[in-house]
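Me: I should like to go through a few of the labels attached to this model and ask what each one rests on. Could you take them one at a time, setting the value beside the cut-off?

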Protein chains: 2
Amino acid sequence: MKLLERLRKVGFSKLTLLEDALAELHSYLTVIDNEDIEVSTSLNRILAEDIITNMDLPPFDRSAMDGYAVKAEDTFGASQNNPKQVIKIGTVEIGEIIELIIEKGQAIRISTGAPIPKGADAVVKIEDTEIDNELITLYAPLAPGKNISKKGEDIVKGIQIMIKGTELKPEHIALLSSLGRKTVKVKIKPKVSVFSVGDELIETGNSLEPGKIFNSNTSMISNLITLYGGELVRGLTLPDNKETIKNNLDKAINDSQIIVFTGGTSVGTKDLLPEVIHENGTVLTHGIAMRPGSPILIGISNEKVVFCLPGTPVAAYICFLKIVGPTLRKLMKCINIDPRVEVKASIEHDIPVSSMGFLNFLRVKIEKKEDDFIAIPVKLKGSGVITSLTQSDGIIEITPNLEGLKKGDNVIIKLFPK
Amino acid sequence: MKLLERLRKVGFSKLTLLEDALAELHSYLTVIDNEDIEVSTSLNRILAEDIITNMDLPPFDRSAMDGYAVKAEDTFGASQNNPKQVIKIGTVEIGEIIELIIEKGQAIRISTGAPIPKGADAVVKIEDTEIDNELITLYAPLAPGKNISKKGEDIVKGIQIMIKGTELKPEHIALLSSLGRKTVKVKIKPKVSVFSVGDELIETGNSLEPGKIFNSNTSMISNLITLYGGELVRGLTLPDNKETIKNNLDKAINDSQIIVFTGGTSVGTKDLLPEVIHENGTVLTHGIAMRPGSPILIGISNEKVVFCLPGTPVAAYICFLKIVGPTLRKLMKCINIDPRVEVKASIEHDIPVSSMGFLNFLRVKIEKKEDDFIAIPVKLKGSGVITSLTQSDGIIEITPNLEGLKKGDNVIIKLFPK
């Protein structure tokens with residue numbers, strides 16, 4: 001363990017660039033299987049098939065209005081001074097097919113969504129007519145096709161309308177349902193184990209002892225896993241004990257695709273995780289040029305991805321957003337592996353950067369000023385300060401080559417995931 | 001039923017403004033009870049208590065680095081040419097309390113997060129030292145307080161850090177956990193029944209008959225209810241039959257706070273919902289000046305809110321975003337009743353508005369062009385076109401007094417809810 005002894009003494013000698021670390025890690029990812037589930041329960045799942053339309057939508061010409069189906073030519077020349085009249089010969093309701101054929105001078109009462117009767121080529125809105133028994137008076141002409149939704153207007157049969165890797169939202173569920181789909185192929189949710197490591201950690205609900213703190217990382221990371229589409233297998237607090245860590249790693253390797261540790265990953269004397277991962281797998285990266293979050297370790301153990309995140313909650317949170325979350329979604333072959341929304345704003349005041357060469361994460365609150373969005377940096381007293389997250393809306397990423405930001409600079413804020 | 005007969009003939013004579021309809025409806029809302037749940041399972045729930053801190057965070061002065069706790073004065077004047085030396089007298093690990101007190105010329109090895117030993121007022125990073133047995137050499141001076149997270153630095157006891165109505169996200173869960181909270185008071189999820197009404201509707205998974213369409217509204221609205229924090233009690237398809245509608249309304253009134261119908265709400269001959277709601281409660285609004293979505297009906301029946309949305313999926317979707325969803329969240333006393341994210345962009349080309357006096361909803365796709373976001377209107381062929389939702393990112397709301405948008409205008413896009 002010469003390497004670790006040296007690390008403990010000198011800290012991180014070499015930091016990897018974030019994009020390099022991710023590229024290497026993602027080259028190791030295995031394939032997650034698909035499953036068929038009910039469309040109605042597919043919210044937030046990742047589509048695992050391309051969707052090709054199996055029918056036209058609408059499946060027939062239908063009325064877009066409540067009114068009368070007519071021959072457009074019967075309305076030509078109609079005006080307030082020169083109204084035209086047609087005779088109602090029947091009614092077609094939504095969901096019905098009628099055999100009646102409209103001839104010149106005739107009309108059929110029709111509901112929105114009902115099939116257009118044969119012979120008709122336009123629908124006049126009920127508001128634009130007067131009716132006296134069966135005699136209908138119109139005051140304006142209609143172009144052929146007016147108020148008719150043509151067969152295939154929305155969707156034509158045989159085209160691709162959704163691609164693999166789409167995250168399914170209510171609008172996608174509506175579209176699948178409108179094509180008659182009851183089930184859909186999605187990625188199985190990757191299984192994830194979460195462990196917080198540290199003798200200083202007390203479980204919530206207990207009383208706090210001197211020198212100890214409550215464990216907040218397990219619940220935070222577990223809920224981020226849920227939010228990003230993973231399935232939590234276990235979320236535990238572990239002591240700084242090599243054997244306990246090793247045993248739990250073994251268990252997690254058996255039933256999880258991703259294993260997340262927080263704490264014990266830096267170069268303190270009790271930071272046992274680098275040692276455990278070295279002994280039970282391959283360390284891909286230890287130390288990334290980002291602040292906060294630099295002590296992160298990424299490893300592979302029995303083909304499972306192991307992340308060891310710093311124990312300070314904000315660093316762990318940011319490591320999740322930038323590394324764990326995108327990996328989880330990459331595993332599901334998501335098109336969009338970083339689901340955070342980007343918002344444009346201008347920065348309120350100068351922000352010098354003290355650590356060039358690092359990707360710096362600036363937490364900001366967004367204020368709307370007239371038509372502008374202003375990014376207001378949240379005052380920080382340490383990277384562990386959780387209130388810096390609850391009091392801000394998102395993060396500006398300051399690339400390693402920048403010395404900082406100047407007041408008024410246009411910036412992109414990546415909002416916290418919702 | 002004179003009113004309805006007239007409506008069926010003339011359509012909507014008077015449309016209400018959206019804000020007026022919402023204000024009236026929200027004055028009728030009842031109170032939803034609270035419940036205590038585990039913090040770890042509170043993701044996306046609505047906080048029902050103000051959170052006052054019960055402790056300082058960190059609860060003690062602690063080290064922000066792995067290194068040596070020292071007296072800062074022992075480092076004053078240190079430089080490469082004039083190094084200073086201190087003697088290591090012990091080690092303090094994270095989670096431990098030690099009794100040792102640091103005197104002048106002494107140091108204690110300390111891990112990140114460990115309590116600062118008595119007598120020390122700074123921590124030197126391990127990377128900035130050389131150690132030879134117990135003799136530690138430093139090459140730079142430290143200011144008092146350096147690398148120490150002071151007790152209460154993040155949170156001071158007795159202050160309010162979260163307010164009622166906050167939607168709980170992983171960062172809030174972390175904050176609650178760090179205060180030792182195992183349970184939290186949240187709003188009970190409002191119970192919601194969803195019905196799609198129409199003889200033309202076929203359930204997905206069956207084969208399509210002539211003149212019929214698959215029901216896509218039940219699954220879409222049900223999943224929107226879930227996304228907005230409601231609890232779905234039932235999601236059903238009903239025929240155009242007054243008694244069936246009435247019976248299902250009665251059932252829903254018994255066990256739901258909100259009842260959503262889609263379809264059958266306009267002025268067609270089969271549009272039975274206005275009649276049913278008139279006979280079983282109070283119609284607050286029928287017809288709102290918005291496009292799409294104008295035929296919406298809002299009613300109260302036995303103190304429960306009843307929404308009758310248009311049957312065209314896009315109109316139903318937009319009515320949900322603007323009316324049903326915000327009401328659901330208002331019921332939970334959410335601070336932010338419309339959870340959609342706003343993004344600034346400029347519009348790609350002129351958009352004339354054909355229906356002034358209406359709140360118009362323009363579906364747009366966002367494209368990033370260099371530093372700018374461009375809003376590209378999605379080509380529409382009808383308000384029922386679901387692909388206009390799956391192919392766009394959000395909606396621009398064009399207020400009733402605007403004649404349209406001019407190319408290059410700054411616009412606010414409200415993204416679809418995620």
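Me: What makes helix α2 (residues 18–26) of chain A roughly parallel to helix α7 (residues 313–331) of chain A?

Reply: In this predicted model, the axes of the two helices come within 11 Å and cross at roughly 30°. Angles under 35 degrees count as roughly parallel, and therefore α2(A) is described as roughly parallel to α7(A). The crossing of α2(A) and α7(A) is, in addition, right-handed.

Me: Which residues of α2(A) and α7(A) meet there?

Reply: From α2(A) come A:Leu18, A:Leu22, A:Leu25 and A:His26, which meet A:Lys322, A:Ile323, A:Pro326, A:Thr327 and A:Lys330 of α7(A). Sorted by class, this contact has 5 nonpolar, 2 polar and 2 charged residues.

Me: Why is A:Lys368 called exposed?

Reply: A:Lys368 has 12 other C-beta atoms within 10 Å, and a residue is exposed if that count is 12 or fewer, so A:Lys368 is classed as exposed. This lysine lies in strand β24 (residues 359–369) of chain A, and its C-alpha atom is separated by 9.3 Å from that of A:Ala345, the two being 23 residues apart along the chain.

Me: How many residues does each chain bring to the contact between chain A and chain B, and which helix of chain B gives the most to its side?

Reply: Chain B brings 87 residues and chain A brings 88 residues. On the side of chain B that touches chain A, helix α3 (residues 170–178) gives the most, with 8 residues, and that side has 37 nonpolar, 31 polar and 19 charged residues.

How values were computed:
Residues are numbered from 1 along each chain as its sequence is written. Chains are lettered from A and ligands numbered from 1 in the order in which they are written. This is a predicted model: local features need pLDDT of at least 70, side-chain atom pairs count only at pLDDT 80 or more; totals for chains, interfaces and linings use all residues. Two residues are in contact if their C-beta atoms, placed from the backbone, lie within 7 Å. Helices (H or I, at least four residues) and strands (E, at least two) are DSSP runs, numbered from the N terminus. Ala, Val, Leu, Ile, Met, Phe, Trp, Tyr, Cys and Pro count as nonpolar, Asp, Glu, Lys and Arg as charged, and the others, Gly among them, as polar. A residue is buried if 20 or more other C-beta atoms lie within 10 Å of its own, exposed if 12 or fewer, and partly exposed in between; C-beta atoms are placed from the backbone. Axes are lines fitted to C-alpha atoms, for helices over the stretch in contact, and angles run from 0 to 180 degrees between N-to-C directions. Angles under 35 degrees count as roughly parallel, over 145 as roughly antiparallel, 65 to 115 as roughly perpendicular and the rest as oblique. A crossing is left-handed if the near helix is turned anticlockwise from the far one by less than a right angle, and right-handed if clockwise.
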